[in-house]
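Work through the following exercises with the sequence and the predicted model side by side. Each task is followed by a solution that proceeds step by step.

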Amino acid sequence: MSNTYLKPSSTTTRKRQVSSHEFNTKSLRKFVETVVDTEVSQRLIPILSTAAANNTVLDLQDILQRFAFDNICKIAFGHDPEYLLPDLPETEFAKTFDDAAMISSGRFATLLPFLWKIKRFLNIGSEKRLKEACSDLREFARNIIKEKKQELRNKPSLETVDLLSRFLSSGHSDEDFVIDIVISFILAGRDTTSAALTWYFWLLSQNPEIEKEILREIKDKSESPVYEEVKDMVYTHASLCESMRLYPPVPIDGKVALRDDVLPDGTVIKKGMRVLYHPYAMGRLEMLWGPDWEEFKPDRWLQRAGDGVGNDGKWSFVGRDPYSYPVFQAGPRICLGKDMAFLQMKRVVAGILRRFKVVPAAEDGFEPVFVSFATSKMEGGFPVRFEERAN
């Protein structure tokens with residue numbers, strides 16, 4: 001495939017270069033770990049403990065969405081929306097983000113795209129709401145930026161700072177540029193990890209032997225593993241990859257060609273054409289995953305370390321070609337936050353499974369419905385109970 005196909009714009013390329021530099025710093029990884037650990041220990045676990053003590057049914061999908069939204073806002077803006085609290089409050093900021101994301105993704109799902117373009121031209125209906133939501137989000141971001149600039153003037157040598165503070169400290173003074181980067185980061189991370197984890201806990205509930213193996217690995221680690229130790233949770237990592245093969249957080253994605261091109265199979269692509277690829281379907285192809293593609297098998301991502309000679313019996317992770325497994329995209333557009341997404345997911349999995357057994361509240365035989373939108377959802381949520389594990 002030539003470089004002209006799906007080539008990013010110069011502005012997008014610049015944003016990616018700036019973001020890539022920040023994502024590769026150890027200090028940011030440490031900051032992310034601190035944020036995630038705080039949210040897990042001070043908010044998530046207490047809510048689940050109360051639910052377990054009272055035998056209360058919670059919608060795990062909603063809980064995970066709230067958790068992810070708090071995390072991503074703290075990491076991106078240094079702002080705490082306090083969305084995951086015991087009373088499960090509604091917040092205007094979260095609702096505005098939901099509206100903007102839902103309407104935007106709805107544009108791509110419609111069979112008659114000229115309708116939303118007419119509504120946008122006339123400034124009516126959903127397009128009017130989208131315009132208002134985007135304006136509100138950008139105004140909120142501008143206010144945060146003003147506060148951050150003042151904070152940095154008062155205390156320029158912050159040791160652990162959010163993404164916005166890092167950009168501002170690096171001399172990026174173009175306000176719109178910084179707003180675009182941070183809002184894009186929130187949009188990319190707010191629903192993806194929660195979607196992945198929702199389906200992950202469903203699959204574990206249906207595969208107790210796999211859950212047992214994950215729990216064994218978790219217990220082998222310390223109570224609060226650092227970043228490097230989390231990376232060593234090989235079986236857990238494999239099980240997350242396997243879960244996202246079957247239920248990718250972004251089930252369908254696409255690019256737009258900036259120039260004419262020809263795909264390797266001879267398909268002609270014209271400038272402006274939108275080309276879609278389907279991670280959900282690709283994860284279920286027998287030609288890619290074999291005749292047992294329907295099975296939830298973390299082992300397909302693993303091999304025994306040592307390769308026979310000096311084999312110590314430990315597993316090692318074997319990644320797949322990202323073009324066959326495009327859950328995190330591939331090539332020059334591969335997800336910059338991939339490692340941090342795995343960090344967050346592993347911390348949540350370890351925090352929950354170490355203390356609780358997640359039990360679906362639905363009747364036996366219940367099969368959740370996969371809803372494919374901007375991100376994958378479980379139709380009607382995921383009602384569960386939490387059972388405290390014996391020490």
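**Exercise 1.** Determine which residues His 237 is in contact with, leaving aside its neighbours within four places in sequence, and decide whether His 237 is buried or exposed.

Solution. In this predicted model, the contacts of His 237 beyond those neighbours within four places in sequence are Phe 317, Phe 342 and Lys 346. His 237 itself is placed in helix 12, which runs over residues 234-246. Its relative accessible area is 16%, and because buried means under 20%, His 237 is classed as buried.

**Exercise 2.** Compare the reach of helix 4 with its expected span, and identify what its buried residues pack against.

Solution. Helix 4 (residues 92-109) has 18 residues, and the 26 Å from its first C-alpha to its last is close to the 26 Å expected at 1.5 Å a residue. Among the buried residues of this helix are Phe 93, Phe 97, Ala 100 and Ile 103, and also the polar-named positions Thr 96, Asp 99 and Ser 105. The buried residues of helix 4 pack against helix 3 (60-77), helix 6 (125-154) and helix 8 (175-189).

**Exercise 3.** Locate Leu 112 and Cys 335, and classify the accessibility of each.

Solution. Leu 112 lies in the loop between helix 4 and helix 5 (113-122), and belongs to a nonpolar surface patch of about 860 Å² that also includes Phe 114 and Ile 118. Cys 335, listed by UniProt under "binding site" in an unreviewed entry, is found in the loop between strand 7 (315-317) and helix 15 (338-355). With relative accessibilities of 41% for Leu 112 and 35% for Cys 335, both count as partly exposed.

Conventions. Residues numbered from 1 in each chain as written. Predicted model: local features only at pLDDT ≥ 70, side-chain atom pairs only at ≥ 80, totals over all residues. Heavy atoms only, no water. Helix = DSSP H or I, 4+ residues; strand = E, 2+ residues; numbered from the N terminus. Buried < 20%, exposed > 50% of the residue type's maximum accessible area, 1.4 Å probe, protein only. Contact = heavy atoms within 4.5 Å. Expected span 1.5 Å × (residues − 1). UniProt positions renumbered as here; feature names shortened; annotations may be inferred. Patch = residues over 30% accessible without salt bridge, like charges linked within 9 Å, V, L, I, M, F, W, Y side chains within 5 Å. Areas by Shrake-Rupley, 256 points an atom, 1.4 Å probe, with all protein chains shown as cover. Salt bridge = Lys/Arg side-chain N within 4 Å of Asp/Glu carboxyl O.
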